[in-house]
Amino acid sequence: MSSIHINAPKDAFADTVIMPGDPLRAKFIAEHYLENAQLISDVRNMLAYTGHYKGQRLSVMGHGMGVPSATIYCTELAQTYGVKRMIRVGSCGAVHPDVQLRDIIIAQGASTDSNANKQRAQGFDVAALASYPLLEKAVSCAREQDAPYKVGAVFTSDLFYWPDSSVYDALARFNVLAIEMEVAAVYAVAAEFNIEALALCTVSDHIRTDSHLTTDERQESFEQMIEVALGVVES
Ligand code: HPA
């Protein structure tokens with residue numbers, strides 16, 4: 001069995017899939033954290049692996065950039081492969097003054113400017129929400145690991161480069177913590193297929209202060225977030 005964008009055999013995915021945007025990050029996670037990781041899909045180089053983490057079967061797969069890409073991969077994972085849990089691990093740009101570089105945003109919900117979810121829900125603006133049990137576990141893992149974290153709203157945008165920066169003020173006024181590009185897609189697909197989803201995003205850029213993590217800091221912060229995500233899988 002395979003789907004249009006995933007060429008893995010039937011049963012190749014574990015119930016839980018950790019999903020970074022970048023497929024090379026999926027490879028990094030597989031090589032550094034999983035035992036006996038096997039490459040199970042490589043269509044368009046959107047690499048997917050399954051292995052074991054602390055005795056538990058676990059998969060990791062990239063979802064690409066933006067709502068259309070994430071919607072395709074998450075839908076095929078849920079629909080064709082029967083995946084039960086998707087955990088996005090990404091980066092985001094902070095718009096709220098209470099958020100700092102390196103914070104891990106545990107996304108409780110996502111607003112969006114994308115029309116994709118509305119198209120699938122008869123024009124309604126469905127709330128894109130995290131699975132509460134996964135969110136609770138992530139908070140407790142972040143606390144135990146002493147990782148800096150904030151729980152709240154993100155904004156899933158189709159644009160990375162905004163022509164008008166006043167949008168950031170508007171989002172901050174509504175208590176949006178950060179902008180990223182996929183959470184609303186992952187959460188809506190999970191809702192549609194009645195499965196669980198959670199997104200963790202490290203703050204790699206602070207849009208209000210125009211500050212950015214260096215490449216090494218991004219990697220460190222990424223690894224701290226992966227450890228929180230793996231704690232969620234383990235608990
Ligand atoms: N915008 C959208 N997505 C992002 C950003 C941003 O500034 N930084 C990291 N991911």
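Strands, as the term is used here, are DSSP runs of E with at least two residues, numbered from the N terminus. In this predicted model, the chain has 7 helices and 11 strands under that scheme. Along its principal axes the C-alpha trace spans about 45 × 45 × 30 Å. The radius of gyration is 17 Å, which agrees with the value near 18 Å that a compact globule of 235 residues would have.

Within this fold, the ligand sits in the largest pocket. The shell around the ligand consists of S91, C92, G93, F160, I179, E180, M181, S204, D205 and I207, where a residue belongs if one of its heavy atoms lies within 4 Å of the ligand. Sorted by class, this shell has 5 nonpolar, 3 polar and 2 charged residues.

Which strands each supply at least two residues of the shell around the ligand? They are β5, covering 85-94, β9, covering 176-180, and β10, covering 196-206. Of the contributing elements, β5 gives the most, with 3 residues in the shell.

Two polar contacts can then be described at the level of atoms, both of them involving nitrogen on the ligand side. In one, a nitrogen atom of the ligand is 2.7 Å from an N or O atom in the side chain of D205, while in the other a ligand nitrogen atom lies 3.3 Å from a polar backbone atom of G93. Taken on its own, the ligand has 260 Å² of accessible area, and the protein covers 89% of that area.

How values were computed:
Residues are numbered from 1 along each chain as its sequence is written. This is a predicted model: local features need pLDDT of at least 70, side-chain atom pairs count only at pLDDT 80 or more; totals for chains, interfaces and linings use all residues. Side-chain values use heavy atoms; hydrogens and water are left out. A polar contact is a pair of N or O atoms within 3.5 Å; within protein, one must be able to donate a hydrogen and the other to accept it, and residues adjacent in sequence count only if both atoms are side-chain atoms. Accessible areas come from the Shrake-Rupley method with a 1.4 Å probe; for residues, only the protein chains shown count as cover. On a 1 Å grid over the protein atoms alone, a cavity is a set of points where a 1.4 Å probe fits but cannot get out, and a pocket is an open set with protein on both sides within 12 Å along at least five of seven lines; lining residues have an atom within 4 Å of a point. A molecule sits in a cavity or pocket if more than half of its atoms lie within 2 Å of its grid points. Helices (H or I, at least four residues) and strands (E, at least two) are DSSP runs, numbered from the N terminus. Ala, Val, Leu, Ile, Met, Phe, Trp, Tyr, Cys and Pro count as nonpolar, Asp, Glu, Lys and Arg as charged, and the others, Gly among them, as polar. The radius of gyration is taken over C-alpha atoms; the globule rule is 2.2 Å times the number of residues to the power 0.38.
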